[in-house]
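Notebook open, viewer loaded. I'm jotting things down as I look them up.

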Amino acid sequence: MEPLSPSDATELRLVEQVLEARSVGRRLEIRGGGTKRFYGGAPRGDLLDLRPLAGVRSYEPTELVVTVRAGEPLARLEALLADRGQHLAFEPPRFAPGGTVGGMVAAGLSGPGRIAAGALRDHVLGVRLLNGRGECLSFGGQMIKNVAGYDVSRLMAGSLGILGVLLEVSLKALPRPPASVTIRLDCATQADALRRLAAWASQPLSIGATAWHDGHLQVRLDGAAAAVRAARAALGGDELHERAAAAWWTSVRDQLHPFFDLDPSAQLRGVRLWRLSVPRGVPPLELSGESFVEWGGALRWLRSREPIACVRQAAARVGGHATLMRGDGREAGPFSPLSPALLQLHHRLKQAFDPERLFNPGRLHEGL
């Protein structure tokens with residue numbers, strides 16, 4: 001693919017910073033709002049600040065496509081979409097004010113809406129990026145595939161910046177559902193909640209999000225008004241007031257709920273916050289601690305003092321993986337170890353995009 005010229009002075013400055021770092025062998029920490037620096041390996045390198053790279057390139061509400069620069073504040077993009085009755089249906093976690101669109105894509109995290117709308121990577125249509133050679137490249141839009149047949153646009157989702165500097169992202173937007181109702185059901189145990197969720201998965205219910213914690217199961221019903229009314233009648237439970245429901249799902253999406261607050265005293269006691277991704281239908285894992293379950297049972301948060309190896313082995317036994325989100329033990333790696341074949345693939349991709357290992361060293365896996 002032929003490199004492109006920088007589109008303006010801001011991109012040109014980024015190119016110059018990358019070329020300078022390459023010439024002297026310095027590493028670079030790619031950073032937008034810095035709201036996800038806790039996620040992944042510890043940041044290292046000189047700062048490459050993407051916040052000046054802000055703005056909306058184009059927005060076609062009738063086409064449900066928006067193209068924005070990587071430093072654009074996520075809150076500002078969401079406000080723009082909301083004005084036209086649209087949203088990012090995967091509900092990206094914000095964690096704190098100031099997050100950017102580039103950081104959202106690089107982290108690759110999805111919120112409560114993933115159960116119905118799919119993951120963030122499913123909504124990435126195209127990207128422009130700056131590679132480790134100082135070249136500006138463009139991918140996507142029409143599912144263009146490069147680098148051994150991979151869809152490069154989606155490769156950027158969750159890559160934590162190790163492959164390149166995102167300059168611009170094209171995203172799919174979706175209309176907000178015409179009706180939305182949240183119900184709360186008593187559900188004493190995680191096993192009971194998982195049984196209900198498994199039974200509902202085979203029924204034509206307009207379930208847009210689910211969350212179980214502390215004996216209660218919250219279910220959000222999204223869609224056409226008639227479908228939401230039918231699902232509401234079928235599931236029963238107590239309906240939350242619209243404002244209370246919005247506050248609840250925000251607390252889940254942005255990890256403002258007390259469950260996610262791992263204060264220093266808890267960390268001193270050896271408590272860790274885990275994010276376990278497992279296949280739907282898997283029964284509760286035999287791990288001690290406090291649980292919070294999303295995505296119809298496919299996402300299991302865990303506050304626990306269990307040894308790191310025990311948690312990862314429990315997830316692997318059921319075909320899942322465990323990510324250490326917060327707490328001691330980062331030296332073991334925040335993410336589950338890769339198989340030799342996957343690790344080789346990661347190294348090949350790193351070599352293709354960033355052969356000098358300039359960008360975000362160790363954020364995804366050590367050595368990348």
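Is Cys310 buried, partly exposed or exposed? I get 33% relative accessibility for Cys310, so it counts as partly exposed. My cut-offs: buried is under 20% relative accessible area, exposed is over 50%, and partly exposed lies in between, with a 1.4 Å probe and protein chains only.

**Ground rules**

This is a predicted model, so I note that local features need pLDDT of at least 70 and side-chain atom pairs count only at pLDDT 80 or more, while totals for chains, interfaces and linings use all residues. Residues are numbered from 1 along each chain as its sequence is written, and side-chain values use heavy atoms, with hydrogens and water left out.

**Cysteines**

I also looked up Cys136, which counts as buried because its relative accessibility is 1%. Then I searched the whole structure for disulfides (a pair of cysteine sulfur atoms within 2.5 Å) and found 0.

**Overall**

I count 11 helices and 17 strands in the protein; helices (H or I, at least four residues) and strands (E, at least two) are DSSP runs, numbered from the N terminus. The radius of gyration is 21 Å, close to the 21 Å from the globule rule for 368 residues, so the protein is as compact as a globular protein of that length. For my own reference, the radius is taken over C-alpha atoms, and the rule is 2.2 Å times the number of residues to the power 0.38. Along the principal axes, the C-alpha atoms fill a box of roughly 65 × 50 × 40 Å. Buried residues make up 52% of the 368. I took contact to mean heavy atoms within 4.5 Å. Among contacts between residues at least 6 apart in sequence, 67% join residues at least 24 apart.

**Cores**

Which residues touch the most other members of the largest nonpolar core? They are Met104, Met156 and Leu171, out of 69 residues. A nonpolar core here is a set of buried Ala, Val, Leu, Ile, Met, Phe, Trp, Tyr and Cys residues joined through side-chain atoms within 4.5 Å. Strand 8 gives this core its largest share, 5 residues. Apart from it I see another core, of 20 residues, including Ile115, Cys187, Ile207 and Val228. I picked Met104 for a contact list: leaving aside neighbours within four places in sequence, its partners include Lys36, Leu74, Leu88, Phe90, Pro92 and Leu171.

**Helix 2**

Leu74, one of those Met104 partners, is also among the buried residues of helix 2 (residues 74-83), with Leu77, Glu78 and Leu81. They cover an arc of only 95° around the axis, which puts them on the same side of helix 2; the arc is that of the directions from the helix axis to the C-beta atoms. The face turned away from this buried side carries the exposed residues Ala75 and Asp83. I find the buried residues packing against several elements, among them strand 3 (56-60), strand 4 (65-69), helix 3 and strand 8 (165-172). Just after helix 2, Gly85 takes a positive phi of about 70°.

**Helix 10**

Back to where Cys310 sits: helix 10 covers residues 308-317, and its buried residues are Ile308, Val311, Arg312, Ala314 and Ala315. Their arc is only 160° around the axis, which puts them on the same side of helix 10. Strand 14 (272-277), strand 16 (299-304) and strand 17 (321-326) are included in what covers them. Gly319, just after helix 10, has a positive phi of about 85°.

**Odd phi values**

Most residues other than glycine have a negative phi. Which sign does phi have at Glu91? It is positive, about 55°, although Glu91 is not a glycine. I place Glu91 in the loop between strand 5 and helix 3, and it counts as buried because its relative accessibility is 13%. Leu160 also has a positive phi of about 55° without being a glycine. Leu160 is in the loop between helix 5 (152-155) and strand 8, and at 7% relative accessibility it counts as buried.

**Two single residues**

Ala106 lies in helix 3 (residues 101-107) and is buried at 15% relative accessible area. Its contacts, not counting residues up to four places away in sequence, include Met156 and Leu160.

Thr182 is found in strand 10 (residues 179-186) and is buried at 3%. I see a polar contact of 2.9 Å joining the side chains of Thr182 and Trp249. The criterion is a pair of N or O atoms within 3.5 Å; within protein, one must be able to donate a hydrogen and the other to accept it, and residues adjacent in sequence count only if both atoms are side-chain atoms.
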